[in-house]
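The following exercises concern side-chain interactions and are each followed by a worked solution. Please examine the sequence and the model before reading on.

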Amino acid sequence: MSSVMARAGVLAAIMGMLAGPVMARKEKDRNAGDLWEHLESNDWPVLYKNKKGAVEQVRLLGRFDLQYGNLDSDRGDDDKFEIRRLRVGTRVKFLDDWRVKVVADMVAGSDVTYDALNSAYIGYYPSKHLKFKLGKQTPHFGQEWSTPSTDLRVIERALLVQQVRPRRATGLTVTGDWEDWEYELGVFSGDRDREFGSGDAGVFVAAGIGYDFTDVIDGWKDFDWRLDYLYNDGHPANNGVMPYSHAFSTSLKLRKKRFRMGVEAIYADGIEGRADAWGFLVTPSWELVDDKLDLVLRYHYAKSDGWDGLRLRSRYETLAPNLTDRGRGDEYQSLYLGLKYHLVEDRLTFSTGAEWSEMRDRFGDGGDLDGISLQSVLRFDF
């Protein structure tokens with residue numbers, strides 16, 4: 001564990017270096033002031049704006065995540081430093097109610113090169129209560145998966161969330177709300193492709209309904225409930241979703257003063273020999289410094305009804321060099337504790353934390369693990 005403590009010291013030093021300039025902003029450093037003001041503004045990525053024109057706005061989009069993880073486990077140790085996400089794109093607003101969004105995933109090596117189409121869709125928003133999107137997009141399922149990573153307080157999504165979630169796919173979605181209700185329905189092509197896909201690999205359906213109890217239950221700033229459903233038609237070439245015929249997620253999102261909490265339960269019905277799986281996660285957080293610093297805790301438990309129905313996450317559990325059977329087991333739990341520091345709102349953040357995880361493998365073919373991973377990420381999004 002000495003290496004873990006050493007890494008913790010390094011990460012704390014990094015966080016201190018990042019935090020210092022931000023806390024000093026109240027002193028109005030003349031050299032850095034203009035930069036921070038630009039980053040806080042929503043207008044600096046806008047390339048073109050004309051409210052009276054047919055094309056009303058052209059906005060630059062970008063994403064850069066610099067991430068590090070170190071694993072110390074009973075199956076060996078390793079670490080990884082990477083540019084986790086690098087994206088560039090644009091969003092165009094035109095003819096009042098229409099939107100086009102195109103974002104590409106890039107790979108940074110000796111050169112920056114194109115990797116895949118992250119999203120590309122046209123949207124029609126006839127009112128603030130009704131939206132249509134057609135094209136490649138992210139299907140929503142469950143609370144943690146549907147929350148953009150820039151808004152997440154944890155660094156990595158939970159094991160069962162990653163195992164059940166749908167992939168980005170080409171489809172049509174309809175979202176809307178009525179009074180305290182909200183709804184969403186999407187039909188997607190089942191083939192996962194770097195661009196749009198061929199459309200001949202079956203379909204999957206993602207649907208959700210939610211209700212805002214805030215006006216009913218006193219004392220809460222947010223009290224939202226949601227139920228999500230995912231259907232896979234079972235086509236053998238359908239790789240847009242994992243081999244589960246039906247999956248369900250029910251969740252609560254709570255907020256009172258400085259306290260926030262997400263609660264989610266997931267069940268997935270396996271096909272093609274995949275065991276059924278279920279689990280839950282509880283993620284409380286506290287705002288230690290207004291709009292600046294969050295303390296985050298998450299407990300996650302997952303179970304499968306058959307052998308090897310769960311698989312360890314690629315970050316950072318499968319870094320263990322002595323794992324066999326690709327890190328598969330049947331019972332899993334993890335506990336995450338970390339901090340998220342908002343240098344510029346949710347646009348520029350730094351998160352660091354430690355996560356203990358344990359996989360149990362009743363079959364005994366080497367998928368079990370007991371370890372701690374230290375994680376840090378610097379995220380810049382505009």
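**Exercise 1. Identify the ring over whose face R362 lies, and do likewise for K133.**

Solution. R362 lies over the face of W307, 5.0 Å from the ring centre. A charge is taken to sit over a ring if NZ of Lys or CZ of Arg is within 6 Å of the ring centre and within 35 degrees of the ring normal. K133 is placed over the face of Y121, at 4.7 Å from the ring centre.

The model is predicted: local features need pLDDT of at least 70, side-chain atom pairs count only at pLDDT 80 or more, and totals for chains, interfaces and linings use all residues. Residues are numbered from 1 along each chain as its sequence is written, and side-chain values use heavy atoms, with hydrogens and water left out.

**Exercise 2. Determine how many salt bridges there are, and describe the burial of the partners in selected pairs.**

Solution. A salt bridge is a side-chain nitrogen of Lys or Arg within 4 Å of a carboxyl oxygen of Asp or Glu; by this rule the count is 23.

Step 1. R63 and D65 form one such bridge, at 2.8 Å from N to O. Buried means under 20% relative accessible area, exposed over 50%, and partly exposed in between (1.4 Å probe, protein chains only). R63, at 7% relative accessibility, counts as buried, and D65, at 0%, counts as buried.

Step 2. E184 and R226 form a salt bridge whose closest N and O atoms are 3.2 Å apart. The pair links distant parts of the chain, 42 residues apart: E184 belongs to strand β8 (residues 181-189) and R226 to strand β10 (residues 222-232). Helices (H or I, at least four residues) and strands (E, at least two) are DSSP runs, numbered from the N terminus. Both E184 and R226 are buried.

Step 3. R258 and D290 meet in a salt bridge of 2.9 Å, N to O. R258 lies in the loop between β11 (244-256) and β12 (259-270), and D290 in the loop between β13 (277-289) and β14 (293-304), so the pair ties together parts 32 residues apart in sequence. R258 is partly exposed, with a relative accessible area of 38%; D290 is partly exposed too, at 46%.

Step 4. Salt bridges with shared partners join E144, R298, R313, E317 and E355 into one network.

**Exercise 3. Where does S357 lie, and which side chain does its own side chain meet in a polar contact?**

Solution. S357 lies in strand β18 (residues 348-360) and counts as buried at 2% relative accessibility. Its side chain makes a polar contact with the side chain of E317 at 3.0 Å. A polar contact is a pair of N or O atoms within 3.5 Å; within protein, one must be able to donate a hydrogen and the other to accept it, and residues adjacent in sequence count only if both atoms are side-chain atoms. E317 is also a member of the salt-bridge network with E144, R298, R313 and E355.

**Exercise 4. Describe the surroundings of R99.**

Solution. R99 lies in strand β4 (residues 98-108) and, at 18% relative accessibility, counts as buried. Not counting residues up to four places away in sequence, R99 is in contact (heavy atoms within 4.5 Å) with V92, K93, F94, Y121, I122, G123 and Y125. The side chain of R99 also reaches the backbone oxygen of D96 at 3.2 Å.
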